[in-house]
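Hi,

Here's the structure I said I'd pass on. Have a look at it first, and then read on for what turned up.

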Amino acid sequence: MRIVMIGSGYVGLVSGACLADFGHEVICVDKSTEKVEALERGEVPIFEPGLEAIIAHNRASGRLSFSLDLAGPVANADVVFIAVGTPSRRGDGHADLTYVYAAAREIAAAVTGFTVVVTKSTVPVGTGDEIERIFREEFPEKDIAVVSNPEFLREGAAITDFKRPDRIVIGTSEERATELMREVYRPLYLNEAPLYFCERRTSELIKYAANAFLAMKITFINEIADLCEHIGADVQKVAKGIGMDKRIGDKFLHAGPGYGGSCFPKDTLALVKTAQDYGSPMRLIETTVAINDTRKRAMGRKVIAACDGTVRGKKIAVLGLTFKPNTDDMRDAPAITIVQALLDGGADVHVFDPEGMEAAKAVLGPVTYGKNPYEIAIDAEAIVVVTEWDEFRALDFRRLKQEMKAPVIVDLRNIYKPEEMEKYGFSHVPIGKRKVK
Ligand code: NAD
């Protein structure tokens, strides 16, 4: 099958490379000259475990290539995926569909013969209808079916998620499109990944409903964590205790500094806006968004409280910046707000992240970037763990304590055991448990 992926970012590049790995002929298109040139040189512009090897393998076999030009590849394609960004629109929080509609028009102008155009980007309910209207009115002679196929992969585990998904949701009522989409995902279907067909609008909503539910689950356990701190319970044990109930499940019950990233914040907000537009407000999600927004700043205050009420003139070491481990993505990372709160409090902030520091430079204020955890710990009056990278789990705590001016660890991801930290002589401030002095 000849597949074209429009947009070669976190989703487009992973999806394109994996589809090529299934044996399809894939061309990944992007508007960014820098990105396409890097890819053609064999460099991978994002950090995603396992991606480099899959790209190299499929380029070598001739099944995967990259292009700045959209028209040529699209003219010969059977299926064209739109995987461009859908950020929050400035000012009102609706999804900004500028890139999606621009790509759709370019695609329609270029297609020849029957072609399936698939929105893999996360798009609000009705976007497929609108694309179809544009095609009908502006390109009436073209034979195009518009399908919704939202993506559920997680950055940091994207290859496994794409290749072993819990489900593949496909929104279409067109027979010809259904056949082609079955063909695209046949290798996964053989792996027993369920293909779930539904109407397009339902498919579009499934993506938002899934993300909103997960964001709500995280926010729920975060509020339970706050309560635990007041009443002297342990949120990790509460999470385990409720997670053993299959109706609840144990995933997404890790208390932390609030959700961030390229999807949850913008998708929850967009769902809230869509629901309001339709006169059917989603109060649970409105509240989720509000709680999460205030939580990130509250984490800054938690650090300040751990430093005897002030960080003015104190060196604070921040471990981890990206919104989760195993990615270099800084979009809406909680670290941005937490670091800002510390800077506002007058702290001298030193940071380290294994992969995210380049991206962080564009979004963080005046901080010092260190080479490793030990370097930024020198003379620090607190270490703050914001992202739970594996390499932070087993640090040399004796050495850290020696380097620091005051042995305080604010563990916003609960990666250390309070008893152990006490043994090493740290004042350890976890999330959702009694503080060990
Ligand atoms: P991204 O910003 O990493 O990538 C988007 C790419 O599209 C960019 O490289 C940009 O240059 C390119 N682009 C924009 N307009 C173009 C055009 N007209 N022609 C060619 N290229 C164009 O974004 P992303 O994180 O990959 O997200 C893409 C979509 O997938 C979003 O809707 C997002 O919500 C959704 N999604 C993301 C994730 C995730 O984990 N990142 C997971 C599921 C769904």
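A polar atom in the side chain of E151 lies 3.0 Å from the backbone nitrogen of L153. The E151 side chain also makes a polar contact with the side chain of K120, at 2.8 Å. Bear in mind that this is a predicted model, so please take the distances in that spirit.

Where does E151 sit? You'll find E151 in the loop between β6 (144-148) and α7 (158-163). With a relative accessible area of 10%, E151 is buried, since anything under 20% gets that label. Leaving out residues up to four places away in sequence, E151 touches V11, S15, K120, F162 and K207. K120 therefore turns up twice, as a residue that E151 touches and as its side-chain polar partner, with the label "buried" resting on the cut-off under 20%.

Now for the rings. How many aromatic pairs does the structure hold? There are seven. If you haven't looked at such pairs before, two values describe them: the distance of the centres and the angle of the planes.

Take F252 and F264, for instance: this aromatic pair is tilted, with 6.2 Å from centre to centre and 50 degrees between the planes. F252 lies in the loop between α11 (235-243) and α12 (264-277), while F264 is in helix α12, so the pair ties together parts that are 12 residues apart in sequence. Are these two buried or exposed? F252 counts as partly exposed, at 28% relative accessibility, whereas F264 is buried, with a relative accessible area of 12%.

Then there's F352 with F392, an edge-to-face pair with 6.2 Å between the centres and 65 degrees between the planes. F352 belongs to strand β10 (residues 348-352) and F392 to the loop between β12 (382-385) and α17 (397-403), so here the pair ties together parts that are 40 residues apart in sequence. Both F352 and F392 are buried.

Elsewhere, ring pairs link F397, Y416, Y424 and F426 into a cluster. Y424 has a charge for company too: the charged end of K423 sits over the Y424 ring, 5.5 Å from its centre. Another case of this kind is R167, whose charged end sits over the ring of F152, 3.6 Å from the ring centre.

Happy looking!

Key: Residues numbered from 1 in each chain as written. Predicted model: local features only at pLDDT ≥ 70, side-chain atom pairs only at ≥ 80, totals over all residues. Heavy atoms only, no water. Phe/Tyr/Trp six-rings, centres within 6.5 Å; stacked < 30°, edge-to-face > 60°. Helix = DSSP H or I, 4+ residues; strand = E, 2+ residues; numbered from the N terminus. Buried < 20%, exposed > 50% of the residue type's maximum accessible area, 1.4 Å probe, protein only. Lys NZ or Arg CZ within 6 Å of the ring centre and 35° of its normal. Polar contact = N/O pair within 3.5 Å; in protein donor to acceptor, adjacent residues only side chain to side chain. Contact = heavy atoms within 4.5 Å.
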